[in-house]
Amino acid sequence: MSKTLILGAFAVILYTLASSFYFLIRDTGEGERTVRRLSWRVGLSLGLVIMLWIGFHLGWIEPQGVNPVQYPVAPGG
């Protein structure tokens with residue numbers, strides 16, 4: 001479920017980036033639509049980073065990769 005949310009948020013971020021580029025070209029820098037879309041992209045990116053941070057700290061997301069973080073096992077637990 002978390003992978004779906006992360007990929008969905010990333011797709012929306014890419015969409016706002018592409019649409020801001022489109023409005024930059026179409027409006028030739030005169031309108032506010034480009035700034036508005038880029039502001040949305042920054043907000044969505046910040047929200048995604050915060051969501052990832054919370055998910056990691058609550059244990060919903062575990063690190064994976066070439067050299068994942070290994071936490072020592074507490075004695076008796």
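The following exchange concerns two helices, α1 and α2, in a predicted model.

Student: How are the directions of α1 and α2 related, roughly parallel or roughly antiparallel?
Tutor: Two packed helices are described by the angle between their axes and the distance between the axes. Here the axes of α1 (residues 2–26) and α2 (residues 33–58) come within 8 Å and cross at roughly 165°. Because angles over 145 degrees count as such, α1 and α2 are roughly antiparallel.

Student: Which class of residue, and how many of each, make up the contact of α1 with α2?
Tutor: On the α1 side, the participants include L5, I6, A9, F23 and L24. These meet residues of α2, among them R33, T34, L38, L48 and L52. By class, the contact has three charged, five polar and 14 nonpolar residues.

Student: Why does the length of α2 agree with its number of residues?
Tutor: Helix α2 has 26 residues, and at 1.5 Å a residue it should span 38 Å. The expected figure agrees with the distance between the end C-alpha atoms of α2, which is 37 Å.

Student: Is T34 buried or exposed?
Tutor: T34 lies in helix α2. Its relative accessibility is 10%, and the cut-off for burial is under 20%, so T34 counts as buried.

Student: Which residues does T34 touch, not counting those up to four places away in sequence?
Tutor: The buried residues of α2 are T34, L48 and G55, and what covers the buried residues of α2 includes α1. For T34, with residues up to four places away in sequence left out, the residues touched are S20, F23 and L24.

Terms used
Residues are numbered from 1 along each chain as its sequence is written. This is a predicted model: local features need pLDDT of at least 70, side-chain atom pairs count only at pLDDT 80 or more; totals for chains, interfaces and linings use all residues. Side-chain values use heavy atoms; hydrogens and water are left out. Axes are lines fitted to C-alpha atoms, for helices over the stretch in contact, and angles run from 0 to 180 degrees between N-to-C directions. Helices (H or I, at least four residues) and strands (E, at least two) are DSSP runs, numbered from the N terminus. Angles under 35 degrees count as roughly parallel, over 145 as roughly antiparallel, 65 to 115 as roughly perpendicular and the rest as oblique. Contact means heavy atoms within 4.5 Å. Ala, Val, Leu, Ile, Met, Phe, Trp, Tyr, Cys and Pro count as nonpolar, Asp, Glu, Lys and Arg as charged, and the others, Gly among them, as polar. The expected span of a helix is 1.5 Å times one less than its number of residues. Buried means under 20% relative accessible area, exposed over 50%, partly exposed in between (1.4 Å probe, protein chains only).
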